[in-house]
Amino acid sequence: MPADILAAADDARIAALETRLSRLEAERDILATFARYGHSIDYGREADWVDCFAPDAVYDVILPGEAPDAPPGIRSVGTAELAQFAAAHSRAPDRWHKHLVVNPVFAFDADLAGADVESYFLRVDAMPPHRVIYAQGRYKDRMRLCPDGRWRFARRRCEVEAMEPPSSA
């Protein structure tokens, strides 16, 4: 085979590997944002939680029983409203809970600068003498690669499918 054909084949393989590696790195970095989100909201690190979001991000919470096409029960838009949400959220040591995310499914934009991610969530709470799954549902996220190289939520839609009655919160 001529050298130029071999070189072109090598270039194509390298380009494909670079694309796959970039996607794997993006998945890892998005999962790091998911982890940072849970750790910071559970322990009251409000600034860290807000930093998981782009400055113009939209965070919607759809509560059980709300129609999927109805306006969200809770909506926070932009840094100031996200900070208010975080400030009002329960946290350790007054309330012990863990936000857990599982089964993420990624759909990246062709340029790897954005992604849609769907995942399931559980919030496990300590309600002495028990631990309970306080809430469960799914997240529908739009992630954005920001200029500083971090992936942040451009939009997070939290669809709560079931939760403990408010009296136990």
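How do the residues of the lining of the largest cavity divide into nonpolar, polar and charged? The legend for View 3 gives the answer. This is a predicted model, in which local features need pLDDT of at least 70, side-chain atom pairs count only at pLDDT 80 or more, and totals for chains, interfaces and linings use all residues. Residues are numbered from 1 along each chain as its sequence is written, and side-chain values use heavy atoms, with hydrogens and water left out.

**View 1. The largest pocket and its lining.** Welcome to the first close-up, where the largest pocket holds about 390 Å³ of space. A pocket here is an open set of points on a 1 Å grid over the protein atoms alone, with protein on both sides within 12 Å along at least five of seven lines; lining residues have an atom within 4 Å of a point. Grid points are joined across faces, edges and corners, and a volume is the space filled by probe spheres set on the points. The lining has 21 residues, and the closest to the pocket centre are V61, F85, H89, R123 and Y134. Two or more lining residues come from each of α1, β1 (53–62), α3 (78–88), β4 (114–127), β5 (130–145) and β6 (151–163). Helices (H or I, at least four residues) and strands (E, at least two) are DSSP runs, numbered from the N terminus. By class, this lining has 16 nonpolar, three polar and two charged residues. Ala, Val, Leu, Ile, Met, Phe, Trp, Tyr, Cys and Pro count as nonpolar, Asp, Glu, Lys and Arg as charged, and the others, Gly among them, as polar.

**View 2. The second largest pocket, with H39 in its lining.** This pocket has a volume of about 170 Å³. Its lining is made up of L31, F34, A35, G38, H39, D42, Y43, K98, H99, L100, V101 and P104. Both α1 and β3 (97–108) supply at least two of these residues, and α1 gives the most, with six. Seven of the lining residues are nonpolar, three are polar and two are charged. Look for H39 in helix α1; its relative accessibility is 48%, so H39 counts as partly exposed. (Buried means under 20% relative accessible area, exposed over 50%, and partly exposed in between, with a 1.4 Å probe and protein chains only.) From H39 to R123 there are 84 residues in sequence and 12 Å in space, C-alpha to C-alpha.

**View 3. The largest cavity.** Here is the answer to the opening question: the lining divides into three nonpolar, four polar and three charged residues. A cavity is a set of grid points where a 1.4 Å probe fits but cannot get out. The structure holds one cavity of 30 Å³ or more, and about 30 Å³ of space lies in the largest cavity. S40, I41, G44, R45, E46, W49, A86, H89, S90 and R91 line this cavity. At least two of the lining residues come from α1, and at least two from α2.

**View 4. Aromatic rings and the charges over them.** There are 15 aromatic pairs in the structure. The ring centres of F106 and F108 are 5.9 Å apart and the planes lie at 5°, so this pair is stacked. (Rings of Phe, Tyr and Trp, the last by its six-membered ring, pair if their centres lie within 6.5 Å; planes under 30 degrees apart count as stacked, over 60 as edge-to-face and the rest as tilted.) F106 and F108 are both buried. Elsewhere, ring pairs join F34, Y37, W49, F53, Y59, F85, F121, Y139 and F153 into a cluster. The charged end of R156 sits over the ring of Y139, 3.4 Å from its centre, and that of R95 sits over the ring of Y134, 5.3 Å from its centre. A charge sits over a ring if NZ of Lys or CZ of Arg is within 6 Å of the ring centre and within 35 degrees of the ring normal.

**View 5. Backbone details to look for.** Most residues other than glycine have a negative phi, and most peptide bonds are trans. A92 and P93 are joined by a cis peptide bond with omega about 0°, and P93 lies in the loop between α3 and β3. Another cis bond, with omega about 10°, joins P128 and P129; P129 is in the loop between β4 and β5. N103, in strand β3, has a positive phi near 55°. L112, in the loop between β3 and β4, has a positive phi near 60°.
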